[in-house]
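Visitor: I am new to this structure and would like a close look at a single part of it. Please choose one helix, go through it carefully, and then place it among its surroundings.

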Amino acid sequence: MTGTVLLECDDLVKVFPGVRALDGVGLRLTAGTVHALLGENGAGKSTLIKVLTGVHSPDGGTLTWCGQQVQLRSPLEATRTGIGVVHQERNLIPGFSVAENITLQHPPSHYGLIDRQAMTAPALACLAELGVDLDPHQPVRELSVAQQQLVEIAKALHTESRVLLLDEPTASLSPQEAEHLFEVVRRLAGQGACVVFVSHKLEEVFAVCDTVTVLRDGRSVLESAPLAEHTHDDIVGLMVGRAHTATELRPRTVDRSATPTLVLDAVSTAGGHRDISLEVRPGEIVGLYGLVGAGRSELVKAVLGLDRITGGEVRVHGTPARITSPRQALHEFGIGYVTENRKEEGVFLEQPVVRNITVTVWQRLAKAFGFVSAREERDTAQDLVDRLGIRVSGLQQNAGELSGGNQQKVSLAKWLAADTKLLVIDEPTVGVDVRTKRAFHELIWDLAADGLPILLISSDLAEMVTLADRIVVMTDHRVRGEVDNDHDYDRVSGRVIRLIHDRDAVRS
Ligand SMILES: Nc1ncnc2c1ncn2[C@@H]1O[C@H](COP(=O)(O)OP(=O)(O)OP(=O)(O)O)[C@@H](O)[C@H]1O
Ligand SMILES: [Mg+2]
């Protein structure tokens with residue numbers, strides 16, 4: 001029923017050692033609405049979601065379900081109450097099939113035995129509702145990040161919850177996949193559910209949400225208000241606590257006659273790339289743009305030795321290079337690689353922040369000083385923590401305790417601290433808030449201004465047009481052309497999009 005208040009919380013408090021992650025949060029979730037939960041990295045969004053789903057017990061405040069005060073002592077209790085969730089960190093069992101993961105919480109059973117055959121039909125129904133075509137028998141470890149995220153969402157749909165909490169569900173979805181998810185979300189709200197939606201992409205939020213709550217430093221600074229009464233700038237102002245200014249473009253000059261640091265000359269790979277040629281010069285930011293699945297990350301991985309190069313040549317500093325691993329790429333050729341899959345590959349969750357950041361500088365520091373002084377290590381790490389505004393209670397805090405966005409910043413800081421001769425950055429700002437995005441763009445410009453060549457992969461066209469000097473456009477594992485970037489968004493994005501759709505385009 002539309003209008004009924006399903007879940008309500010008042011004055012919620014959650015304390016972790018050194019931080020009040022929630023410090024008086026109120027929220028009212030009404031049937032038939034899509035509710036945006038917004039805030040900067042570390043504001044408390046995921047913590048709130050974990051309290052509302054029985055993962056964390058609150059240290060203060062009350063929870064009310066359909067007018068009755070309740071306590072949610074475990075995730076199972078929350079599921080039984082009617083609260084479904086997709087957590088920001090993935091929660092799938094890698095060795096289990098798609099169908100097993102989707103039906104895990106409510107497995108169909110037959111005389112007390114779990115019926116594997118009977119899992120397939122409901123799993124397929126949930127996938128079909130999302131418009132996703134996946135083999136229900138495939139183990140989820142074989143899926144891409146985006147596919148795993150879709151399985152998570154299908155799993156939440158399977159519990160048929162009245163309140164559905166989605167913590168950054170679109171972070172690694174393509175625009176088409178996200179569009180599909182929004183249709184499902186609207187449909188669920190139309191059927192009387194309340195869907196809570198966490199995202200750093202405000203365009204999405206304005207397109208799909210009705211009401212909004214904004215968290216800042218663990219407090220709700222805007223509570224369950226109609227979104228239509230607020231502008232984009234209002235909301236950003238509430239999140240950051242002051243008026244927001246967009247990234248200002250910097251004038252840039254690149255010496256196009258300099259010898260390129262990295263050259264790909266007609267490269268083919270076992271992964272299906274054909275005839276890929278590109279160059280990155282000192283101080284130049286080259287964008288590699290394409291839709292999800294175009295083969296951009298795979299190309300970079302092949303260059304770094306993670307997939308086989310079957311034809312053509314890779315040259316680094318003018319000499320042909322046979323790179324066999326990212327480790328060798330770093331130590332012999334000075335190539336740093338910030339992966340898109342930071343969660344799994346980028347951060348050591350059990351290690352303190354300081355060690356995470358300085359792990360790649362270890363050798364350099366050891367060489368320069370004969371030993372690594374704790375002070376040297378600390379200063380390097382502190383400098384980056386300050387520049388990127390990473391929210392930590394101290395450098396000794398374990399990276400695993402940081403909010404999702406702050407973990408990403410740590411993995412980026414690690415590479416920025418390294419003494420690299422070329423930096424490859426894959427999707428730098430997925431999941432980071434607006435203020436950090438800007439700090440990050442400025443950092444990339446600083447690095448390029450110091451002469452570092454940068455190869456940037458991003459699915460965010462606006463980010464590409466802001467940062468890149470040239471944009472190389474890929475579809476289907478081929479380069480379709482190159483666009484010189486004069487930062488005029490309409491003109492440049494128009495040319496990029498034409499290249500994507502005009503498959504017969506020749507390299508200009
Ligand atoms: N298990 C934990 N132990 C200690 N501190 C924690 C833990 N979980 C979260 N925190 C801290 O609580 C604060 C809020 O984190 P939370 O994950 O809720 O942020 P968030 O709003 O979801 O941010 P993001 O947009 O980066 O995902 C942060 O300072 C974080 O470091
Ligand atoms: Mg979070």
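Guide: What follows starts with helix H16 and then turns to the domains, some salt bridges, one serine and a second helix.

This is a predicted model, in which local features need pLDDT of at least 70 and side-chain atom pairs count only at pLDDT 80 or more, while totals for chains, interfaces and linings use all residues. Residues are numbered from 1 along each chain as its sequence is written, chains are lettered from A and ligands numbered from 1 in the order in which they are written, and side-chain values use heavy atoms, with hydrogens and water left out.

Helix H16 covers residues 434-449. Helices (H or I, at least four residues) and strands (E, at least two) are DSSP runs, numbered from the N terminus. H16 has 16 residues, and its first and last C-alpha atoms are 23 Å apart, close to the 22 Å expected at 1.5 Å a residue. The expected span is 1.5 Å times one less than the number of residues in the helix.

Several residues of H16 are buried: Thr436, Phe440, His441, Leu443, Ile444, Trp445, Leu447 and Ala448. Buried here means under 20% relative accessible area, exposed means over 50%, and partly exposed lies in between (1.4 Å probe, protein chains only). The cover over these buried residues includes three helices, H14 (374-388), H15 (404-417) and H17 (461-467). Strands E15 (285-289), E19 (422-426) and E20 (454-457) are also among what covers them. Just after H16, Gly451 has a positive phi of about 100°.

Next come the domains. The protein is divided into domain 1 (5-240), domain 2 (260-334 + 420-508) and domain 3 (341-419); such bounds come from an automatic or database domain assignment. The centres of domain 1 and domain 2, taken over C-alpha atoms, are 34 Å apart. Each of these two domains gives 9 residues to the contact between them, where contact means heavy atoms within 4.5 Å.

The size of an interface is often given as the accessible area lost when the parts come together. Between domain 1 and domain 2 the buried area is about 810 Å², with 57% given by carbon and sulfur atoms. Buried area is the accessible area (1.4 Å probe) that two parts lose on being put together, summed over both. On the domain 1 side, Glu40, Asn41 and His200 lose the most area to domain 2, and together they give 47% of what that side buries. The two domains are joined by 0 salt bridges and by 1 residue pair in polar contact (both at pLDDT 80 or more).

A salt bridge is a side-chain nitrogen of Lys or Arg within 4 Å of a carboxyl oxygen of Asp or Glu, and by this rule the count comes to 22 salt bridges. One of them pairs Asp23 with Arg219, with the closest N and O atoms 2.9 Å apart. Asp23 lies in strand E2 (residues 19-30) and Arg219 in strand E12 (residues 219-226), so this pair links distant parts of the chain, 196 residues apart. Asp23 is buried at a relative accessible area of 18%, while Arg219 is partly exposed at 43%.

Another salt bridge joins Arg256 and Asp484, at 3.4 Å from N to O. Arg256 sits in the loop between helix H8 (232-240) and strand E13 (262-269), and Asp484 in strand E22 (residues 478-484), so the pair ties together parts 228 residues apart in sequence. Both are partly exposed, Arg256 at 41% and Asp484 at 45%. Glu313 and Arg315 also meet in a salt bridge, at 2.7 Å from N to O. Through shared partners, salt bridges join Arg256, Glu284, Arg470, Glu482 and Asp484 into one network.

Ser199 is in the loop between strand E10 (194-198) and helix H7 (202-208) and is buried, with 6% relative accessibility. Its side chain reaches the backbone nitrogen of Lys201 at 2.9 Å and makes a polar contact with the side chain of Glu204 at 3.0 Å. A polar contact is a pair of N or O atoms within 3.5 Å; within protein, one must be able to donate a hydrogen and the other to accept it, and residues adjacent in sequence count only if both atoms are side-chain atoms.

Finally, helix H5 (residues 145-158) has end C-alpha atoms 20 Å apart, in agreement with the 20 Å expected for its 14 residues. H5 is mostly covered, with 12 of its 14 residues buried.
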